[in-house]
Amino acid sequence: MLNENISAISTPLTASGVAVIRISGDSPLLILEKMFTPQGKVKVKDFQPYRLYPGEFDGGSFKDYGLAVYFKAPNSYTGEEVVEIHCHGGVAIVKGLLQKTLELGARPATRGEFTKRAFLNGKLSLSSAEGLIDMINSESVGEIKAGYSLYKERLNAKTDAILEKLTSALAEIDADIDFPEEDLETLSREKIGELLTSAQEDIDGLLATYKIGQKLTSGVKVAICGKPNAGKSSVLNALMGYDKAIVSSIAGTTRDVVEGTCEINGLKFVFFDTAGIRETGDEIEGIGVERAKKTLNTSDLVLEIIDASEPNPDDTLTELIKDKPYLKIYNKSDLENAKNMGCDLLVSAKTGEGIEKLKRLVFDKALGAKIDLNGDFLTEERHFYALKKAGEKLSFAINIIKDNPLDMASIDIKEAWQALGEISGRSATEEVIDEIFRKFCVGK
Ligand code: GDP
C-alpha cells in the first residue's frame, strides 16, 4: 500500500500557547530528523516511542523551541509511524513548521485523513470515527457522552452481538441443507426462529433510543409563545443568562424568531422566542408571525408566557399547540398584582425568580424526569437507517422460515447482515466512507 507521509496542523490555527503538527506514514522520523535538534544526547533516529523530547525546531527562516514525540506503528492513532511536533502556537510559527515538513517530503493531509487511515488500518470502526466527529463538534455534555459511547465502540459491540446471532442462524441453515433429515429440520426451524427473533428484538431496542439520541445531538427545540408584552424575550434572556433578544414595552418588537441555546442537565436546549402570534396589518411583522407558526410546528415543547398581572391566555395558540407538550408559565411574579392560579409555574424574568425551576420543568416535560443520559442512544441517522433496514429484512426472514424451506430465508438474513455491517464499516461502500471522513477537519 502506498504509505507516503502526510502532515497537518492538528490544533486550531490561531495564536495559542502550544500547537501540534502531526506527521503519519512510513517514515516521519526521517522528516523530523531534518528539522529538529534534540536538546539531549539521544538522536532523533534513536527516539524511544511515546516519550517527549525537548529541542529546537528549524523553520528555515526561524527557529522555535518545543517538544517532539514518536508513536511507533502499529501502536499509534493511525496504526502507522507517527510523529507529533509540539511547538509554540504563533500562526506564523505553525504555518512555517508545517511548510518545512512539506518541503522535507510530507504531503498535506486531506480532511479526516489521519482517522481514515486509522479506519483502513483497523484501529477503529466507522461508527467509532463518527463518534469522534460528534465529540469534536459537541456543544453539550450530552453530545460528548453520546459521541464517546460511539467512539468507544459501544454500538459496534451491540451490532457485533446481533451479527453473531445472524451468523449462527445462517450456519444452522447451511447444516440443514447438508443434513436434511426430517427431525433435524424441525429443531433447526425452531432454533433459527429464536435467533432471528432475538436479533430483531435487539434491533428494535436500539431503534427505540433514536428519538432521545436525536435530541442529544440536535438539541431539544422549545418555542416560547404568548401575547405581545407578556415577557417572552425577557424570559429567553433570563434562561440564557444574557441578553439575546430585544426587550421593549412596544408590542411587536420581536418581529422575527430569535434563537438561544443553553444546556440543562447536560443536554442542549434551543429556545425560540417567537413574535406574538396575532393578526397584524404590518407586512414585516406578518412574516414574523408566519415564521413563529412554523417554529411552533417543529418544536418539541411549547412554553406559553402569560403576564401574571393580567393573565389572559392567547386563544390563537389553542388550536396551534393542541398536539404539543405544553407548559403555561406566568411571568412578572415581582409585580404586586401577580396571580398564580392555573399555571404550571410562576416566574419573574426581571428578578430571576423561578427561572432555575423553569429549566428543570422544561427538561422533565420534554424528556421525562427519569431519563438517564448515561445510557446508550442511537444518534446518527445513518445508523438508524441501517438498523431499520436490517430489522425489515429480519421480519421477512422470520415470516419465511415459518413454513417454507429454511434456505429461502438466507437472502434476507444476509441482507440484514450486510445492512448491520454498514455501521462498523465492514460492508460500507467507498462513497459512504469518503462522505464520513469529509465531515472531519484537516488534522484529525
Ligand atoms: P414580549 O413582547 O413578550 O417579548 O415581552 P418583552 O420581553 O419585550 O417584555 C415586555 C415588557 O415587560 C418589557 O417592558 C419588560 O421589561 C417587561 N417585563 C418582562 N418580564 C418582566 C418581569 O418579570 N417583571 C416585570 N415587572 N416586567 C417584566
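1. A quick convention first: two strands pair if DSSP finds at least two bridges between them. With that in hand, this predicted model has an open sheet of seven strands, in the order S3-S4-S5-S6-S2-S1-S7 and with mixed pairing. Strand S3 (36-38) and strand S7 (107-108) are the edge strands, each pairing on one side only.

2. Inside that sheet, have a look at strand S1 (residues 6-9) and strand S2 (residues 16-25). They run antiparallel, joined by four bridges. If you want a spot to click on, isoleucine 6 stands opposite serine 24 in S2.

3. What lies across the seven-strand sheet? Helix H2 (residues 91-103) lies across S1, S2, strand S4 (52-58), strand S5 (63-71), strand S6 (81-89) and S7. Its direction is at about 150° to S6.

4. One backbone detail to check belongs to the loop between S5 and S6, where proline 74 lies. The peptide bond from alanine 73 to proline 74 is cis, with omega near 0°. Worth keeping in mind if your setup script makes assumptions about omega.5. Next, the helix pair H4 (residues 126-136) and H5 (residues 141-151). Their axes come within 7 Å and cross at roughly 155°. Angles over 145 degrees count as roughly antiparallel, so H4 is roughly antiparallel to H5. The crossing of H4 past H5 is left-handed.

6. Which residues make that contact? H4 brings Ser127, Ser128, Glu130, Gly131, Leu132, Asp134 and Met135, while H5 supplies Ile144, Gly147, Tyr148, Leu150 and Tyr151. By character, the residues of the contact of H4 with H5 are six nonpolar, four polar and two charged.

7. Just past H5 comes a phi to look at. Glutamate 153 is found in the loop between H5 and helix H6 (154-178). Its phi is positive, near 65°, in a residue other than glycine. Is glutamate 153 buried, exposed or partly exposed? Buried would need under 20% relative accessible area; glutamate 153 has 22% relative accessibility, so it counts as partly exposed.

8. Now the other sheet, also open: six strands in the order S9-S10-S8-S11-S12-S13, again with mixed pairing. Here the edge strands are S9 and strand S13 (345-346), and each pairs on one side only. Helix H8 (residues 210-218) packs on this sheet, touching S8 and S10, and its direction makes about 75° with that of S10.

9. Strand S8 is mostly covered, with six of its seven residues buried. S8 runs parallel to S10, the two being joined by five bridges; valine 222, for instance, has phenylalanine 271 in S10 as its bridge partner. S8 also pairs with S11 in the parallel sense, over five bridges. There, alanine 223 has valine 302 in S11 as its bridge partner.

10. Moving along the order, S11 and S12 pair in the parallel sense too, over six bridges. Aspartate 307 has asparagine 331 in S12 as its bridge partner. For readers who mostly look at side chains, the generic reminder is that strands of a sheet pair through backbone hydrogen bonds, either parallel or antiparallel.

11. Which strands does helix H12 lie across? H12 lies across S8, S9, S10, S11, S12 and S13, and runs at about 105° to S10.

12. Helix H9 (residues 232-240) also deserves a point. H9 is mostly covered, as seven of its nine residues are buried: Lys232, Ser233, Val235, Leu236, Asn237, Leu239 and Met240. The list includes a lysine, Lys232. These buried residues pack against strand S8 (220-226), strand S9 (258-264), strand S10 (267-273), strand S11 (301-307), strand S12 (326-331) and helix H12 (355-367).

13. What follows H9? Glycine 241 does, and its phi is positive, near 85°.

14. A last phi, this one from the loop between S12 and S13, where lysine 332 lies. Lysine 332 has a positive phi of about 75° although it is not a glycine. Lysine 332 is partly exposed, with a relative accessible area of 22%.

Terms used:
Residues are numbered from 1 along each chain as its sequence is written. This is a predicted model: local features need pLDDT of at least 70, side-chain atom pairs count only at pLDDT 80 or more; totals for chains, interfaces and linings use all residues. Side-chain values use heavy atoms; hydrogens and water are left out. Buried means under 20% relative accessible area, exposed over 50%, partly exposed in between (1.4 Å probe, protein chains only). Contact means heavy atoms within 4.5 Å. Axes are lines fitted to C-alpha atoms, for helices over the stretch in contact, and angles run from 0 to 180 degrees between N-to-C directions. Angles under 35 degrees count as roughly parallel, over 145 as roughly antiparallel, 65 to 115 as roughly perpendicular and the rest as oblique. A crossing is left-handed if the near helix is turned anticlockwise from the far one by less than a right angle, and right-handed if clockwise. Ala, Val, Leu, Ile, Met, Phe, Trp, Tyr, Cys and Pro count as nonpolar, Asp, Glu, Lys and Arg as charged, and the others, Gly among them, as polar.
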